[in-house]
Amino acid sequence: MSQLLSAHSISFHYPGSADLHLPDIELGVAEQALLLGSSGSGKTTYLHLIAGLLRPHSGKLMIDGTDIYSLGERQLDAFRGQNIGIVFQVPHFLRALSVTENIAMAQRLVGKNPDLYRIDELLTELGLAAKRDQKIHHLSQGEKQRVSIIRALINKPRLILADEPTSALDDKNCTSVINMLKEQATAQGSALLVVTHDHRLSKEFDQKIQLAS
Amino acid sequence: MNLLRLSWKNIWSRPLASVLSLILFALGIGLITVLMLVNAQLKDQFENNLAGIDLVIGAKGSPMQLILCNMYHIDAPTGNISIGEVKPFLNPKHPLIETSVPVSVGDNYKTYRIIGTTHTFADLYDAQLAQGNWWHADYQVTVGAQVAKALHLHIGDTFLSSHGFDDNEDLVHDHHSPFLVVGIFEPTGSVLDQLILTSTSSVWAVHGNHDHEDHPSDSTDHADVHDHDSHEHGEHGHDTQDGHDHAGHDHSAHDHRQVAPSDQYRGQVMAEQLLTSPEEDITALLIRYKNNNHLTLSLPRSINENTDLQAANPAYEINRVYAMMGTGTEALRALAILIAIVSGLSVFFSLLSSLKDRKYELSLLRVMGAGRGTLFLLIIMEGLLLALLGYVLGFILAHVGAGIFAGMIAEEYQYSIDALRVLPTEIWVALSALLIGVFASLLPAWQAYRTDIHETLSQG
C-alpha cells in the first residue's frame with residue numbers, strides 16, 4: 001500500500017557546520033507517530049524539512065505521492081497550504097484578526113471560501129465557542145494552542161505536523177491538547193507526526209522515531 | 001479581496017502610526033490641490049476678463065493699479081481724466097481704435113461696484129440680457145447675474161449707492177434719486193457678473209451738484225426704497241476719486257434732457273454724447289484696436305510720454321500679477337511637496353517598523369499557503385490604502401479649504417471661486433499620491449518577500 005509520507009536519506013547542513021543525517025520516516029494514511037529527540041538534535045529543522053519550509057542538501061520526500069522538493073517555490077507554498085497542517089510550539093496568529101478570522105484565513109489562502117459553520121463546530125467542540133469573535137491576545141496559552149490546532153485542521157490536510165505542541169503547557173493542558181490532536185486527526189483521516197522532547201507524550205503513541213543527538 | 005481586508009485590518013492594528021501618516025498625506029495633498037484650485041480659477045477669471053481689451057487709458061499712476069481698478073475692479077482708481085483729454089480716443093473714426101469704452105468707477109451698492117459706462121461695455125464681455133432692459137436713462141441700472149443673485153435684486157427694485165468701494169453706511173449718497181433696476185444680465189463667467197452698470201451721466205449726476213449738509217436719516221429719498229434700503233448718511237466725499245472738485249456744476253438738467261430711452265442708445269451714440277461734456281471726468285477708457293501693428297505698438301508709449309494720461313497694456317500688467325502671485329504659490333507648493341514626501345516617509349517607517357513585529361505573521365501566512373508574491377502585495381496594499389485614504393481626506397480638505405478661501409475673497413474682491421469644481425489635473429495629484437504610497441512600501445514589501453520563514457519560525 002502507498003505510504004502517505006516517506007522520507008529517504010535526507011541530509012541537511014547549516015553553512016559552516018557538519019551534515020545532519022536524518023532518519024528515514026514511513027507513515028501510512030491516518031497513522032500517528034512521535035519523533036523524539038533532545039533539544040539541539042535538529043527536531044525543528046527536520047519538521048521544517050518535512051513541511052517544505054526548508055530544502056535539504058540531499059534526499060527525497062514524498063507526501064501523498066508528490067515529490068515535494070521537485071515543486072517550485074510557489075507550488076510548494078500552495079501544496080503546503082492544502083495538504084499540511086502545522087501546529088507550532090508557541091502558537092502565533094495574525095494579531096489584527098479575531099479567532100474566527102484567523103482560522104478562516106487558512107482557508108482563504110488556499111483559495112477556499114471559509115466554512116464558517118465548520119469553524120463554529122470545531123470551536124464549540126474544543127470549548128472555544130465564547131471566544132470566536134475575540135482578538136487572539138485575549139486568549140490564554142492553552143486556548144491559543146487549541147485555536148492553532150483548529151487552524152491546522154481546517155483544510156482537512158493529509159498530514160498534520162506538530163512541533164513541541166505541549167512543551168509550554170501544564171500536565172492537564174498537555175493531555176487534553178494531545179488527545180484533541182489525536183482525536184481530530186483520526187476524525188478526518190489525517191496522518192499525525194508529533195515532534196517533541198516531551199516524554200509525557202511517549203505513552204500516547206505506539207510508533208516512535210528517535211533522532212540521534 | 002481577503003488580502004485587502006487583511007491590509008486594512010493591519011493598518012488599523014497600529015492606529016497611531018497610520019493616523020499620523022494619514023494626517024500628513026491629507027495636509028500635503030490638500031495644500032497642493034487647494035493651490036491648484038485657486039490658481040486655476042483665478043487665472044481663468046483673469047483671462048476671461050481680458051475681454052480683448054488691448055489698452056487702458058487713465059490717469060497717471062501705477063499701470064497695474066489702472067488695470068486692476070478698471071478691468072478687474074479690485075483696486076482703487078489712479079485718478080480721473082477729463083473727456084476733453086481723451087477726446088481723440090473717443091472719435092469713432094480713429095484709425096487704430098475699433099472700440100473705446102468709457103468707465104467711471106467710484107461708487108458701490110453693498111460692495112458691488114457701480115460702473116458708469118456705455119452699452120459697449122457689456123459687449124466686451126458678450127453679455128446678454130436675462131430679464132428686463134438695458135439702462136436708458138439716468139439712475140437706471142442693469143445688473144450682473146451674481147449681483148442680482150447675491151443681493152436678491154429684481155426688476156423694479158431701487159437702491160441708493162454708497163461712495164467708494166466699501167459697504168459703509170456713512171458714505172451713502174442719499175441726496176440723489178435712487179437707482180432703479182431695469183435689467184439683469186445672463187451670467188458671463190467674467191467680472192461683469194459682479195458689476196452694476198449704469199450710464200456715465202448717472203455717475204456724474206450722483207457726484208454732481210448737491211449740497212454737503214448732513215441729511216436727516218428719514219430723508220424723503222428713502223420713501224420709495226423698499227427691501228433694499230440703504231443706510232443713514234453721515235458725510236461723504238461727493239467727488240469721484242482724486243479730490244477733483246465738481247461742486248458748482250449742475251449736470252442733472254442737461255443729462256436728463258439728453259438721455260433718450262431708445263434701442264439705438266448704443267456705444268457710439270453715447271460716446272458722442274460724452275463729447276458734449278468735455279469738462280466732465282471719467283476714470284478710464286478701455287480700448288480695442290482694429291489691428292495690432294507697429295502703430296498700436298507705439299501708441300501707449302506716445303501717450304505716456306506726450307500727455308498727462310497713462311496708457312497700460314492689460315496682458316503685460318496681468319503677467320506681472322502672475323509673476324507676483326507665482327512667488328508665493330511656488331513657496332507654498334514647495335512646502336506642500338515637502339509634506340507629501342514626509343508623509344511618504346512616515347508610511348515607509350511605519351511599514352518598516354511594523355515588519356519587525358510581523359515577521360512571524362508573515363511566515364505564518366507562508367505556512368498557510370501564501371506565496372512570497374502574496375506577502376509582497378500585502379505590504380504594497382497597506383501603503384496604497386494609506387495613500388488612497390490620505391488622498392481622499394486631502395481632496396475633501398482641499399475643497400472645503402477652497403470653499404473657505406472663496407468666502408474670504410468673495411467678501412473682499414467680489415471674485416468667486418467654485419470650491420466644488422474638480423480640475424482635470426487633480427487626477428495627477430491622485431496618481432502621485434498613489435505612487436508615493438507604492439514607493440514608500442516597496443522596500444518594506446521587498447523585505448517581506450525575503451522573509452526567511454525557517455529562521456523566523458525556529459526562533460519561536
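Here is a short chat about the interfaces in this predicted model.

Colleague: Hi! How many residues of chain A are in contact with chain B, and how many the other way round?

Modeller: On the chain A side there are 28 residues, and they touch 24 residues of chain B. Remember that the model is predicted.

Colleague: And what area is buried there?

Modeller: About 2,500 Å² is buried between chain A and chain B, with 62% of that area coming from carbon and sulfur atoms.

Colleague: How many salt bridges between chain A and chain B?

Modeller: The count is 6. One of the salt bridges pairs the side chains of Glu101(A) and Lys9(B), at 2.4 Å from N to O. There are also 10 residue pairs in polar contact across the interface of chain A and chain B, both residues being at pLDDT 80 or more.

Colleague: Which helices of chain A each supply at least two residues to that side?

Modeller: Helix H1 (43-50), helix H2 (73-83) and helix H3 (99-108) of chain A do. H2(A) gives the largest share, 6 residues. By class, the side of chain A that touches chain B has 15 nonpolar, 5 polar and 8 charged residues.

Colleague: Switching topic, what are the domains of chain B?

Modeller: The domain assignment gives domain 1 (3-45 + 320-459) and domain 2 (55-312). Their contact involves 8 residues from domain 1 and 10 residues from domain 2.

Colleague: What do they bury, and how many salt bridges are there?

Modeller: Domain 1 and domain 2 of chain B bury about 820 Å² between them, 58% of it on carbon and sulfur atoms. The rule finds 0 salt bridges across their interface. Helix H11 (residues 314-367) of chain B provides the largest share of the domain 1 side, 3 residues.

How values were computed:
Residues numbered from 1 in each chain as written. Chains lettered and ligands numbered in written order. Predicted model: local features only at pLDDT ≥ 70, side-chain atom pairs only at ≥ 80, totals over all residues. Heavy atoms only, no water. Domains from an automatic or database assignment. Contact = heavy atoms within 4.5 Å. Buried area = accessible area lost by both parts, 1.4 Å probe. Salt bridge = Lys/Arg side-chain N within 4 Å of Asp/Glu carboxyl O. Helix = DSSP H or I, 4+ residues; strand = E, 2+ residues; numbered from the N terminus. Polar contact = N/O pair within 3.5 Å; in protein donor to acceptor, adjacent residues only side chain to side chain. Nonpolar A, V, L, I, M, F, W, Y, C, P; charged D, E, K, R; others polar.
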